[in-house]
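Please open the structure in your viewer and keep the selection panel at hand. The tour proceeds from one selection to the next.

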Amino acid sequence: MAVILVSACLIGCPCRYDGEACECAVLNEIAKSNTLVPICPEQLGGLPTPRLPSERWGDKILMKDGTDVTLQYRRGAETALKIALTCGADFAVLKAKSPSCGKGSIYDGSFSGTLTAGNGVAAEKLMHNGISVFSENELPEIISLCSH
Ligand code: SF4
């Protein structure tokens, strides 16, 4: 059995910026024999739901209207790490492309749907502290880790 930190929106929590979820059915199967610990770094950082979408611009995170929400994103990332360490998470499964949760590829800050290489703030924080992060698009790797 693995302890897995997961983006809350992936297990059906309506915490996305638009008040919706983006459920990943396979995680419901994985939950039957593993422990999932849901987190939403943007909510943990103090942002409301629904909220304006944000994108990463270098070290800053800006909402679509230009509001700087870097502090909230950093606070959410720190809290996500604290939860991961407290619950002894073996690894994390986080939502792809998000400015908080994305790994390897995120939106480029132009709000045009264009992707660029990079990580979300929370995903980066977890990886820098030794916690492996996978997106929901890496199911073979996730299932392999769960079966050990
Ligand atoms: Fe989902 Fe992460 Fe965005 Fe929260 S911050 S809605 S968990 S992708």
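Select serine 98 first, and display its side chain together with the backbone that follows. The side chain of serine 98 reaches the backbone nitrogen of serine 100 at 2.9 Å. A polar atom of that side chain also lies 2.9 Å from the backbone nitrogen of cysteine 101. Such a polar contact is a pair of N or O atoms within 3.5 Å; within protein, one must be able to donate a hydrogen and the other to accept it, and residues adjacent in sequence count only if both atoms are side-chain atoms.

The model is predicted: local features need pLDDT of at least 70, side-chain atom pairs count only at pLDDT 80 or more, and totals for chains, interfaces and linings use all residues. Residues are numbered from 1 along each chain as its sequence is written, and side-chain values use heavy atoms, with hydrogens and water left out.

Serine 98 belongs to the loop between strand 5 (91–94) and strand 6 (105–107); helices (H or I, at least four residues) and strands (E, at least two) are DSSP runs, numbered from the N terminus. Is serine 98 buried or exposed? It counts as buried because its relative accessibility is 13%; buried means under 20% relative accessible area, exposed over 50%, and partly exposed in between (1.4 Å probe, protein chains only). Not counting residues up to four places away in sequence, serine 98 touches Glu42, Ile106 and Gly120, where contact means heavy atoms within 4.5 Å.

Next, select glycine 120, in the loop between strand 7 (115–117) and helix 4. Glycine 120 has a relative accessible area of 0% and is therefore buried. Its contacts, leaving aside neighbours within four places in sequence, include Arg56, Ser98, Pro99 and Cys101. Add aspartate 59 to the view: its C-alpha atom is separated by 10 Å from that of glycine 120, although the two residues are 61 apart along the chain.

Continue into helix 4 (residues 121–128), whose buried residues are Val121, Ala122, Ala123 and Leu126. Just after helix 4, glycine 130 takes a positive phi of about 85°.

Now return to the loop of serine 98 and select lysine 97, which is also placed between strand 5 and strand 6. Its phi is near 75°, a positive value in a residue other than glycine. Lysine 97 counts as partly exposed because its relative accessibility is 34%. A further positive phi, of about 55°, is found at phenylalanine 111, which is not a glycine either. Phenylalanine 111 lies in the loop between strand 6 and strand 7 and, at 25% relative accessibility, counts as partly exposed.

Move on to serine 135, in strand 8 (residues 133–135). With a relative accessible area of 9%, serine 135 is buried. The side chain of serine 135 reaches the backbone nitrogen of asparagine 137 at 3.0 Å. Serine 135 also touches Val93, Leu94, Ala96 and Ile142, not counting residues up to four places away in sequence.

For the next stop, select threonine 49 and proline 50. The peptide bond between them is cis, with omega near -5°. Proline 50 is in the loop between helix 2 (41–44) and strand 3 (54–57).

Finally, select the ligand. Which residues are the closest to the ligand? They are Cys9, Cys40, Glu42, Lys95 and Cys101, among 14 residues that surround the ligand, each with a heavy atom within 4 Å of it.
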